[in-house]
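User: Hey, can you walk me through some backbone oddities in this one? I'd like to start with whatever cut-off we need for talking about exposure.
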Amino acid sequence: MAAWRLRGAGTALAASSALAAAAAAAAAWPTPASASDSSPVALDAARQLVARPDARPPPRSAQRALLAGSTAAEPLDMLVVGGGATGCGVALDAATRGLRVGLVEREDFSSGTSSRSTKLIHGGVRYLEKAVFNLDYGQLKLVFHALKERKQVIENAPHLCHALPCMTPCFNWFEVVYYWFGLKFYDIVAGKRLLHLSRYYSVEESVELFPTLARNDGDRSLRGTVVYYDGQMNDSRLNVGLACTSAVVGAAVLNYAEVVSLIKDESGERVIGARIRDTLSGKEFDTFAKVVVNASGAFCDSVRKMANNNVVPMICPSSGVHIVLPDYYSPEGMGLIVPKTKDGRVVFMLPWLGRTVAGTTDSSTAITMLPEPHEDEIQFILDAICDYLNVQVRVLVSIWPS
């Protein structure tokens, strides 16, 4: 992972199979006779570049020139389509391995799903519950992986990520015991990757920490809360940081650059590049690469169809809606978790940039650039949190269905 390789410099989500293919291709193709100053650098040199006080990405014109300068005879090692978290993570990981990398994004970096998350860096606590009750070792491995990545992301980007206490209300003593034991076991599993110890708070302590928390839920009375720690991040800025770090270490990253078609070899079987339109200037150019990575998220089927129009769609899109509430709904530095809604889902209510974010839903939707929330999705979130609060819930604005 680039997050591990560039400790203290940036974070990444890597596609290992794509990187393995690119490495194999790089070994099979001849190395260019000469390398320019903007060629990707080795890991140690990359760390030194990123650590320099004057480190900055090259101008957009230089990035575009690098992409347009590739040829069929001297292609890039990898061209990444998509400038979200996955695409920028792949580009950073590949660039720090010494590969010549290009990345294009038809809108701005993190303009899609990567800027519309719940803003949490999950440590996999829900996977742990499934692992225990289903005796599923695969779920347990997900917990270990999530804990490792959460800790690494927070260490890599402490200016964008931090630990956030999350409060779980308990309205009977069974819930108190259940969540206390479950989260203590989570602390043990986390080990050295633990952010802070979970703990139980009495009713009075809970209301002091979370003033809008309701003492009663219908005929049930609050028995206390259990607080555990998860990670919170500025997802869009983290994504942009990945893109900028990739450019600093040698990748050519270009936003507002749309792939209009894929270029194939003479046999028509292998993709060797892409025709790209600079949407700011309207000009088109060709970029050649040994490997093209499709990291376009919800739109990946449209890129796949450029390679094979008869391909079977693989994306089943779903919409996750969040709503923004005024700041007084949640205190600064404390989140609230509704562990189980009426239909069994989990809903979060978290402080975010002076407001409160609540969500999310999970419903089928059509793939669009700017999806809009439905009234029933907004009402679902309001209904889920209103029983846990002592104030009337009203929407300030709805945001980022993803």
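Analyst: Sure. A residue is called exposed when its relative accessible area is over 50%, and buried when that area is under 20%. Keep in mind that this is a predicted model.

User: OK, so is L353 buried or exposed?
Analyst: L353 is exposed, because its relative accessibility is 68% and the cut-off for exposed is over 50%.

User: Where is L353 found?
Analyst: In the loop between β16 (347-352) and β17. Its phi is positive, near 50°, even though L353 is a residue other than glycine.

User: Why bring up the sign of phi?
Analyst: Because most residues other than glycine have a negative phi.

User: What about S110, what's its phi?
Analyst: Phi of S110 is near 65°, again a positive value in a non-glycine residue. S110 sits in the loop between β2 (101-105) and β3 (120-121). S110 counts as buried, since its relative accessibility is 5% and buried means under 20%.

User: Switching to peptide bonds: which one is cis?
Analyst: The bond from G359 to T360 is cis, with omega near 15°. Most peptide bonds are trans. T360 lies in the loop between β17 (355-359) and β18 (363-364).

User: Last one, K141. Where is its place?
Analyst: K141 is in helix α7, which covers residues 137-156. With a relative accessible area of 47%, K141 is partly exposed.

User: And how far apart are K141 and A131 in space?
Analyst: 8.9 Å, C-alpha to C-alpha, with their positions 10 residues apart in sequence numbering.

Key: Residues numbered from 1 in each chain as written. Predicted model: local features only at pLDDT ≥ 70, side-chain atom pairs only at ≥ 80, totals over all residues. Heavy atoms only, no water. Helix = DSSP H or I, 4+ residues; strand = E, 2+ residues; numbered from the N terminus. Buried < 20%, exposed > 50% of the residue type's maximum accessible area, 1.4 Å probe, protein only.
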